[in-house]
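Student: I am new to this model. Please take a close look at one pocket with me, then connect that view to the rest.

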Amino acid sequence: MDLHKHYPALSDLKAKARKRLPWFVFEYLDSATGQEHSQHRNREGLDRVQLMPSILHGEQDVDLSVELFGQQHPLPFGVSPVGMSGLFWPDAERLLAQAATRHGLPYGLSTVASRPPEEVSDCINGNGWFQIYPPRDPLIRADMLQRAKAAGFTTLVLTADVPVPSRRERQVRSGLTSPPRLTPRLLAQVARCPAWALGMAKMGLPRMKLIDDYAEKATGLSSTEHVGYLLRTSPDWDYLKALRDAWDGPLVVKGVMDARDVKPLEAAGVDGIWVSNHAGRQFDAAPATIDVLPAIRAETKLPVIFDSGIEGGLDICRALALGADFVMMGRAWHYALGALGAKGPDHLVDMLRRDLVANLGQMGVARLSDLPTRLLR
């Protein structure tokens, strides 16, 4: 089957995933917070960015490669860390890590993934980024960092935009609990999705294995509580300093939306700024990430990473044109898995590559670094 004929765009993968995943799983993946205004603003903001086409450039040898934190990547995008990734497709973490490594892309593993660092260490080959939700206990923090480093993760990502749990009303309406429990209502949805159900039957329902390892150390927690939030703290500048002191590789802060935070982050010794509004999943009054990107870019020479709202190669071009050095995506990879299983991530990479080449060709741009010259301001 020519997958490009059946699934030429991310929207096709999303539509297929919606049919193949239980409804509560799809709603968890697809939903945002509140009335989802910030998620819509991400899309509207990207659509406002116009790029000027250009003519008579002849045949071009397009270079899509990017250097980031001393590593060369053949493409300007990677796999964002996503909590409970294994709920969206059986063994999602390993499948995505393997796909990222095949294509030379960074792979982000969440603290609250269903696989701990050790269980994906053989898949990352130096491409692993470990995303930490900050544990309150410094001993737990030190142990997590040591485990991530020992498993071969090279870059540490502090997610700073989850100081408190968000309210994801659409997710709650779907019936999903944390940890997941298959009620009769949810079992009826599972029965309509045999591929997902068979995979989960083999793997077992996903758990936050890394977090579970520390549950007994948290006083007063029962085995059925969502210990992810109960172990966390809301980080401050001292916490960031402690991470900087403890981690000898690249350190990135994710969730930066205010350009006024950039200089203090530089002073704290971070190596990269990650512009993100958590894809609209945290705060419904947040602006679109693409709207705040230029001001953040103007404040720093550090690498700027971008996410939230990316739906194709043209959106990647828009983000790079406005100052991002690299783009990360979360939902897209899981739509691909939901639609096509293990074949999905490779198809998504090829789809995005083709889309990038096509759009760069329309602009007469052979290098990603030239994209700002095609921006209509």
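Tutor: Start with the classes of residue in the lining of the second largest pocket. That lining divides into 11 nonpolar, 4 polar and 4 charged residues. Keep in mind that this is a predicted model. In total, 19 residues line the pocket. Five of them lie nearest its centre: Ala160, Asp161, Gly255, Val256 and Asp261. Find those five in the picture, and you have found the middle of the pocket. The volume of this pocket is about 440 Å³.

Which elements build the wall? Two of them, α14 (237–246) and β7 (251–256), supply at least two lining residues each. Strand β7 gives the most, with 3 residues. Gly255 and Val256, from the central group, fall in the range of β7.

Now turn from the open pocket to enclosed space. How many cavities of 30 Å³ or more does a search of the whole structure find? The search finds 1. The space in this largest cavity comes to about 40 Å³. Elements giving two or more residues to its lining are α6 and β4. Strand β4 has the largest share, 3 residues. The lining includes Tyr107, Gly108 and Ser110, and β4 spans 107–110. Glu93 and Leu96 also line the cavity, and both are among the buried residues of α6. Other lining residues include Val79, Ser80, Pro81, Val82, Ser85, Ala113 and His334. By class, the cavity lining has 6 nonpolar, 5 polar and 1 charged residues.

Helix α6 deserves its own look. Why is this helix, residues 92–102, described as largely enclosed by the rest of the structure? Because 8 of its 11 residues are buried. They are Ala92, Glu93, Arg94, Leu95, Leu96, Ala97, Ala99 and Ala100. Several elements cover them, including β3 (77–79), α5 (85–88) and β4. The cover also includes α7, α18 (331–340) and α19 (344–363). So β4 is part of the cover of α6, and β4 also gives the largest share of the cavity lining. Just past the helix comes Gly104, with a positive phi of about 70 degrees.

A second helix is mostly covered too. This one is α17, residues 313–321, where 8 of 9 residues are buried. The buried set is Gly313, Asp315, Ile316, Cys317, Arg318, Ala319, Leu320 and Ala321. Its cover includes α4 (37–48), β3, α16, β9 (304–306), β10 (326–329) and α19. Two names come back here: β3 and α19 help cover α17, and both also help cover α6. Following α17 is Gly323, where phi is positive, near 120 degrees.

Those two positive phi values belong to glycines. Two other residues have a positive phi without being glycine. One of them is Asn125, with phi near 50 degrees. Asn125 sits in the loop between α7 (121–124) and β5 (128–132). Another is His278, with phi of about 60 degrees. His278 is in the loop between β8 (272–275) and α16 (289–298). Is each one buried or exposed? Asn125 counts as exposed because its relative accessibility is 63%, and exposed means over 50%. His278 has 12% relative accessibility, so it counts as buried; the limit for that is under 20%.

Step back to the whole protein. There are 19 helices and 10 strands. Of the 377 residues, 56% count as buried. Take the contacts between residues at least 6 apart in sequence: 75% of them join residues at least 24 apart. The C-alpha trace spans about 65 × 50 × 40 Å along its principal axes. What radius of gyration does the protein have? The value is 20 Å, which agrees with the 21 Å or so of a compact globule with 377 residues.

Last, check the confidence. Mean pLDDT is 93, and 95% of the residues reach 70 or more. Residues 219–225 fall below 50, and this stretch has 8 contacts in the model beyond near neighbours in sequence. Where pLDDT is low, predicted coordinates should not be read in detail.

Conventions:
Residues numbered from 1 in each chain as written. Predicted model: local features only at pLDDT ≥ 70, side-chain atom pairs only at ≥ 80, totals over all residues. Heavy atoms only, no water. Helix = DSSP H or I, 4+ residues; strand = E, 2+ residues; numbered from the N terminus. Buried < 20%, exposed > 50% of the residue type's maximum accessible area, 1.4 Å probe, protein only. Contact = heavy atoms within 4.5 Å. 1 Å grid on protein atoms, 1.4 Å probe; cavity = no way out; pocket = protein on both sides within 12 Å on 5 of 7 lines; lining within 4 Å. Points joined across faces, edges and corners; volume = space filled by probe spheres on them. Nonpolar A, V, L, I, M, F, W, Y, C, P; charged D, E, K, R; others polar. pLDDT = per-residue confidence, 0-100. Rg over C-alpha atoms; globule rule 2.2 N^0.38 Å.
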